[in-house]
Amino acid sequence: MTTRPIVSEPAENLCEVTFDSKLEKRIADTLKQYPTPRAALLPVLWLCQDRYGWISPGVMRAVAQRLGENPAHVEGVVTFYTMFRTRPPASYVLQVCRTLSCAMCGGKELAEHLTTKLGVGFGERTPDGLFELHAVECLGACGSAPVVQINDDYYESMTPEKIDAVLETLTRKA
Amino acid sequence: MDSILLRARGTPDSQSLTTYLAAGGYNAWEKVLQMTPEAVMNEVTLSELRGRGGAGFPTGRKWSFIPKDHPGPRYLVCNADESEPGTFKDRELIEHDPHLVVEGIAIAAYAIKAATAYVYIRGEFGRWATILGKAIADAKKKGYLGKGILGSGYNLEIVVHRGAGAYICGEETALIESIEGKRGFPRLKPPFPAIAGLFGKPTIVNNVETLACLPHIINRGAKWFASIGRPRNTGPKLFCVSGHVQRPGVVELPLGVSFREIIFDHCGGIRDGHTLKAFFPGGSSAPIMTADQVDVRADFDACAEAGSMLGSGGVIVLDDSVDIVEAAANLARFYAHESCGQCTPCREGADWAMDILERILAGHGREGDLDQILRICTYASNGMTICPLGDAFSMPLSSMVKKLSGEFERRIAAASRLPQKKKPVLPWSGPLPGFGQ
Ligand SMILES: Cc1cc2nc3c(=O)[nH]c(=O)nc-3n(C[C@H](O)[C@H](O)[C@H](O)COP(=O)(O)O)c2cc1C
Ligand code: SF4
Ligand code: FES
């Protein structure tokens with residue numbers, strides 16, 4: 001079951017969140033695409049996560065208010081889906097696929113390589129806040145195993161050398 | 001066979017509307033708008049198209065379950081969740097030919113008289129959601145979607161709805177719950193979605209590949225489609241081949257070719273120096289097949305006869321280097337992670353099977369473990385759970401344990417005992433004072 005606890009948050013996240021007018025407009029437009037406000041919940045949470053990088057308790061409450069929802073329902077939804085982040089992410093979130101096709105085709109070695117290279121375990125981040133490492137289930141790209149998703153991008157047919165080059169580019173960009 | 005579904009793969013700029021139109025795109029849609037919805041449904045029924053999402057249910061028949069006299073809105077949902085391990089064909093279709101998918105959605109929506117269609121795409125596919133969104137916007141600008149399409153009285157809006165990471169949302173009723181803004185908890189059936197689905201209205205859920213067949217059926221006729229493949233198993237199929245083959249990837253072949261052709265002729269065979277041990281014919285939820293079954297035909301009926309299923313067409317190939325116990329533990333972990341948790345046999349069963357398999361893998365297997373796994377699988381399948389995820393983990397696990405039992409048994413025979421004195425995990429798991437123990 002994909003439920004995770006919401007970690008304790010700094011006080012300011014618990015305060016009221018004010019959306020800028022651009023986000024308010026996009027939320028209003030999204031609401032028009034569905035016959036019930038509740039159905040707009042996932043797309044609206046995506047809008048917020050794209051805007052802030054994660055979904056804080058304050059954002060959950062603000063979203064609930066826009067949709068006329070109970071905040072508990074919003075929290076239930078946020079914690080059910082693995083992709084909604086309930087704490088601020090590192091600059092780059094690395095998701096290594098660990099399911100069968102990837103695991104058989106170099107995914108295990110790749111995962112080990114990444115933990116040593118970054119010096120962190122799964123679910124952890126580097127002290128500089130640049131990288132965060134996660135093991136995830138099948139990413140739907142098994143033909144080009146092993147696969148790593150970094151933020152929104154897929155990196156396929158990875159090898160330790162190739163991923164090193166990717167990480168180097170990302171570090172330079174950051 | 002020439003490529004049909006993947007004909008745009010390799011064409012430059014194949015995502016653009018201009019390229020699609022130049023190749024005869026939206027001709028089928030224009031033709032459909034001159035037909036009655038019943039005639040469209042009839043054509044699809046005659047083609048004998050069967051759903052490519054997993055169950056292989058005849059598409060025309062599924063559509064016919066929509067109540068004829070229902071006054072309110074109906075919905076079409078395109079299932080682009082692509083979450084079954086070993087499956088990666090829908091992404092290929094969206095990447096190379098997004099307008100083919102859009103045209104297919106439009107045709108299906110017209111046939112069931114829906115004015116709104118949703119595409120449910122897995123959250124990780126953000127880039128492909130954008131590609132589809134652009135295709136929809138471009139088609140709308142040209143008047144192929146929207147209000148009063150091409151001068152007809154028909155209106156259609158297509159909305160792309162992104163999931164957010166949950167295998168279970170590929171199951172059609174969990175998917176519907178997810179669009180409604182809830183957690184992805186599958187619903188008890190009946191009622192089936194065709195009667196009461198999205199927002200309580202009649203709803204059809206079809207897979208991307210199923211929908212991508214529709215423009216071709218309309219353009220070239222049901223007879224032509226039915227002439228490809230084998231009786232009752234008609235049309236082209238995308239096979240996703242992953243694992244230990246020389247050239248993994250998506251290959252398009254008529255239904256009914258053998259797995260030998262798929263693996264050896266089209267994917268270059270097994271890696272050098274290795275031999276085929278086993279393969280999953282239709283995604284990780286299908287019962288495993290061993291090397292001696294490689295001549296089985298890859299179609300719905302032949303796979304069922306052979307005790308497995310064609311499922312999504314995800315062929316996962318395992319060579320002789322694979323440790324079956326490890327593979328089983330890997331899959332058990334996947335399903336334990338993805339169970340939504342509503343039903344005890346699935347939630348506890350998948351977890352329990354994972355624990356046992358991991359213990360065998362760690363060298364602490366016990367006599368009776370395999371029977372226990374098979375018992376767990378029996379209790380989690382055959383209608384004991386709300387949705388088929390219980391079956392989805394039971395089928396691969398029980399088939400691996402049964403068909404490749406030797407590997408499990410060798411592990412267990414060589415196992416050492418777990419240290420006897422384990423610290424009680426729960427305060428009440430030790431002997432309770434005053435209860436006569
Ligand atoms: C656990 C589970 C996961 C599923 N995942 C998918 C999926 O990712 N994509 C899909 O098209 N169908 C999936 N299905 C099948 C759908 O429920 C549904 O049958 C299918 O989308 C119907 O489309 P079709 O008639 O075109 O085959 C899944 C079913 C189950 C039980
Ligand atoms: S079978 Fe499993 S996934 Fe399906 S509803 Fe029950 S607990 Fe959820
Ligand atoms: S198993 Fe890794 S992408 Fe499917």
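Which residue has a polar backbone atom 3.0 Å from an oxygen atom of ligand 1, and in which chain does this residue sit? The residue is Ser83(B). The legends below describe close-up views of a predicted model.

**View 1. Backbone contacts to ligand 1 in chain B.** Three residues place polar backbone atoms by the ligand. Ser83(B) has such an atom 3.0 Å from a ligand oxygen. For Glu172(B), the separation between a polar backbone atom and an oxygen atom of ligand 1 is 3.0 Å. Arg52(B) contributes a backbone N or O atom, 3.3 Å from an oxygen of ligand 1. On its own, ligand 1 would expose 620 Å², and the protein buries 89% of that area.

**View 2. The shell around ligand 1.** The ligand is surrounded by 17 residues. Gly53(B), Lys62(B), Asn79(B), Asn207(B) and Thr210(B) are the closest. By class, the shell holds 8 polar, 6 charged and 3 nonpolar residues. Which strand of chain B gives the most to this shell? Strand E4, residues 203–207, does, with 3 residues. The space that ligand 1 takes is the largest pocket.

**View 3. The shell around ligand 2.** Here 13 residues surround the ligand. Cys340(B), Gln342(B), Cys343(B), Cys346(B) and Cys387(B) come nearest. The shell divides into 8 nonpolar and 5 polar residues, with no charged ones. Is the space taken by ligand 2 a pocket or a cavity? Ligand 2 occupies the largest cavity.

**View 4. A cis peptide bond in chain B.** Lys189(B) and Pro190(B) are joined by a cis peptide bond. Its omega is about -10°. Where does the proline of this pair lie? Pro190(B) belongs to the loop between helix H8 (172–179) and strand E4 of chain B. That strand, E4 of chain B, also supplies 3 residues to the shell around ligand 1.

**View 5. A cis peptide bond in chain A.** The bond between Ala145(A) and Pro146(A) is cis. Omega is about -10° for this bond. Pro146(A) sits in a loop of chain A, with strand E2 (131–136) on one side and strand E3 (148–150) on the other.

**View 6. A positive phi in chain A.** Asn151(A) is not a glycine, yet its phi is positive, at about 50°. Which strands flank the loop that holds Asn151(A)? The loop runs between E3 and strand E4 (153–155) of chain A. E3 of chain A, residues 148–150, also borders the loop of Pro146(A).

**View 7. The fold and domains of chain A.** Chain A has 7 helices and 4 strands. From the N terminus, the order of elements is α-α-α-α-α-β-α-β-β-β-α. The domain assignment gives domain 1 as residues 11–80 and domain 2 as residues 92–173. How far apart are the C-alpha centres of domain 1 and domain 2 of chain A? These centres are separated by 30 Å. Along the principal axes, the C-alpha atoms of chain A fill a box of roughly 50 × 35 × 30 Å.

Definitions and conventions. Residues numbered from 1 in each chain as written. Chains lettered and ligands numbered in written order. Predicted model: local features only at pLDDT ≥ 70, side-chain atom pairs only at ≥ 80, totals over all residues. Heavy atoms only, no water. Near = heavy atom within 4 Å. Polar contact = N/O pair within 3.5 Å; in protein donor to acceptor, adjacent residues only side chain to side chain. Areas by Shrake-Rupley, 256 points an atom, 1.4 Å probe, with all protein chains shown as cover. 1 Å grid on protein atoms, 1.4 Å probe; cavity = no way out; pocket = protein on both sides within 12 Å on 5 of 7 lines; lining within 4 Å. Sits in = over half its atoms within 2 Å of the grid points. Helix = DSSP H or I, 4+ residues; strand = E, 2+ residues; numbered from the N terminus. Nonpolar A, V, L, I, M, F, W, Y, C, P; charged D, E, K, R; others polar. Domains from an automatic or database assignment.
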